[in-house]
Amino acid sequence: MVTFTNLTRAPEIGANSYLLRAGDSSVMLDAGMHPRRDGWDATPLLDQIPKDLEAVLLSHAHHDHIGALPLVTHAHSGAKVWMTSGTAALAEPLLHNSVNVMTRQRRENGRMDYPLYTHRTVDDCAVTWEIAPLNRPFRMDSSKLEFVFHDAGHVLGSVLTEIRAENRRALYTGDLNLQRQTLMLPCQRPAGPFDTVIMETTRGAQPTVPGHDRAYFEEELLSAIRATFDRGGAVLMPVFAMGKTQEVLTLLHQARQSGKIPQAPIYIGGLGRVMTEVYDRQRSLAPRQHATLRLIPEAQPETFDPRRLPTLRLRAGHIYLLSSGMMTPKTTSHTIARLFFPREHDSILFVGYTEPSSPAGLLRKAGQGGSVEWGDLTAPLPIRCEVRYFDLTAHATREDLVSWICEDVKPSRVMLVHGDPDAQEWFSTTLAQTRPGMEIVQPPPGQPIPLFPQPA
Ligand SMILES: [Zn+2]
Ligand SMILES: [Zn+2]
């Protein structure tokens, strides 16, 4: 029997990590780090990983799916790590960046447990990496499990992982998008039916308004940028360095070319630039739109140097596309935001998920005319600039997911992961109503359960 263990500490968008065990072979799906927790509390349940772990399969290179990987390969030196070439090219600089962030936190916040791993651990980890192509089955030497990667349409290199064992099939979605973005294509839809689907539930608490599709939000965003420039303002867009930066940079580049926005300078961060270079190099190796577009030479983003921040004066008609997306304290988007707050002709425009308790979530909630606690400042800051949100999501909408699952995939069992409790609750209720008889499971942390439904 194949068992599945949820290695996250709670049902939430946290440290994604799951364990499959078939006889004496065991394989992990993802090895993430919780983006909003600190220290060892941010890691998955590492002590539940068997000593003889054979492999780790990565769905994509976001921190909540790869951040704990060096800890896993360090403790399990026999394990190989499988991923696409896009994920490998992104993951290595991202993991080295995590070491830099943790080292800075040790210096600035006295976190003596940091860094949890070093550059050396990341280098040793990268030696264990294997590249798997899309749509072709692969297996580990001794494993009873076979896998197939299918493009997931979320970010460069992202995959759905098909799991084959005991003549049955399961599908782990990782993070997926069923619709196009500006660069990414919609996810590939492997032919069903599957016995089990392990499904992300990020957007379960977020209803889709009819007519408010991606094209609508793209036009709304461009019109908000035009309006800001018309009143002599600058634009800040807090984004993740990988994924959102390249999607939005492409959108803005195309809008400048077609005259929808003026020829504005666009600043991106240092890590955003490194990630954009990887996107450029991989442009014809992974499924995407605009496969000939090279963002660095063609969109010509300027690299923003954070050392300029203490003396920076915002300029009319400039766009700052800076990380982090959640505006975590001490990141560039968090620090520069204070310059925008007092100026009513400026705009802070959000283009992706903001966790409600993060600084970005609090700022969105406060909105123009409100006030927000910011970093370690003693008094809340009044917000005079425009604050708006445009849903340029990299995740499938909940409505798309329900119809895909119930009409195409038709599994006997759905396991809900990667979502906050209210998001999982919505999926649990809606899937049960839409396809009665389908078993819906919220896998409890740390408890092995059968991967496939058992005969009664
Ligand atoms: Zn992701
Ligand atoms: Zn994720």
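# A guided tour from a lone cysteine to a zinc site

Start by selecting Cys-406: with a relative accessibility of 9%, Cys-406 counts as buried (under 20% relative accessible area; exposed is over 50%, and partly exposed is in between, with a 1.4 Å probe and protein chains only). You are looking at a predicted model, where local features need pLDDT of at least 70 and side-chain atom pairs count only at pLDDT 80 or more, while totals for chains, interfaces and linings use all residues. Residues are numbered from 1 along each chain as its sequence is written, chains are lettered from A and ligands numbered from 1 in the order in which they are written, and side-chain values use heavy atoms, with hydrogens and water left out.

**Stop 1: the cysteines**

How many disulfides are there? The count is zero, taking a disulfide as two cysteine sulfur atoms within 2.5 Å. Cys-406 shows this: it takes part in no disulfide, and the nearest cysteine sulfur, which belongs to Cys-187, is 15 Å away. Now select Cys-125, another buried residue, with a relative accessible area of 0%.

**Stop 2: the zinc ion (ligand 2)**

Next, select the zinc ion (ligand 2) and show the side chains around it. Which residues are its protein donors? They are Asp-64 (OD), His-65 (NE2), Asp-175 (OD) and His-418 (NE2), at 2.2 to 2.4 Å from the ion. Donors here are N, O and S atoms within 2.8 Å of the metal (3.2 Å for Na, K and Ca), and sites may look incomplete because water is not among the atoms.

Add the zinc ion (ligand 1) to your selection: it is 3.5 Å from the zinc ion (ligand 2), and Asp-175 coordinates both. Along the chain, the donors of the zinc ion (ligand 2) follow the spacing D-H-x109-D-x242-H. Colour His-65 and His-418 to see how this site links distant parts of the chain: His-65 belongs to helix α1 (residues 63-66), His-418 sits in the loop between β20 (413-417) and α12 (421-434), and 353 residues separate the two. Helices (H or I, at least four residues) and strands (E, at least two) are DSSP runs numbered from the N terminus.

**Stop 3: around His-418**

Stay with His-418 and check its surroundings. Is His-418 buried or exposed? At 4% relative accessibility, His-418 is buried, and His-65 is buried too, at 0%. Leaving aside neighbours within four places in sequence, His-418 has contacts that include Glu-12, Tyr-18, Asp-175, Glu-200, His-395 and Gln-424 (heavy atoms within 4.5 Å). Pick out Glu-200: its C-alpha atom is 4.9 Å from that of His-418, though the two residues are 218 apart along the chain.

**Stop 4: a six-stranded sheet**

Finally, switch to a cartoon view and find the open sheet of six strands, which pair in parallel in the order β14-β13-β15-β12-β16-β19; strands pair if DSSP finds at least two bridges between them. At the edges are β14 (302-303) and β19 (386-389), each pairing on one side only.

Select β12 (residues 235-238). Four bridges join β12 to the parallel strand β15 (residues 319-322); among the partners in β15, Tyr-320 goes with Leu-236 and Leu-321 with Met-237. Two bridges join β12 to β16 (residues 347-350), also running parallel, and there Val-235 has Ser-347 as its partner.

Which residues of β12 are buried on each side? Val-235 and Met-237 are buried on one side, and Leu-236 and Pro-238 on the other, so both faces of β12 are covered. In a regular strand the side chains alternate between the two faces of the sheet.
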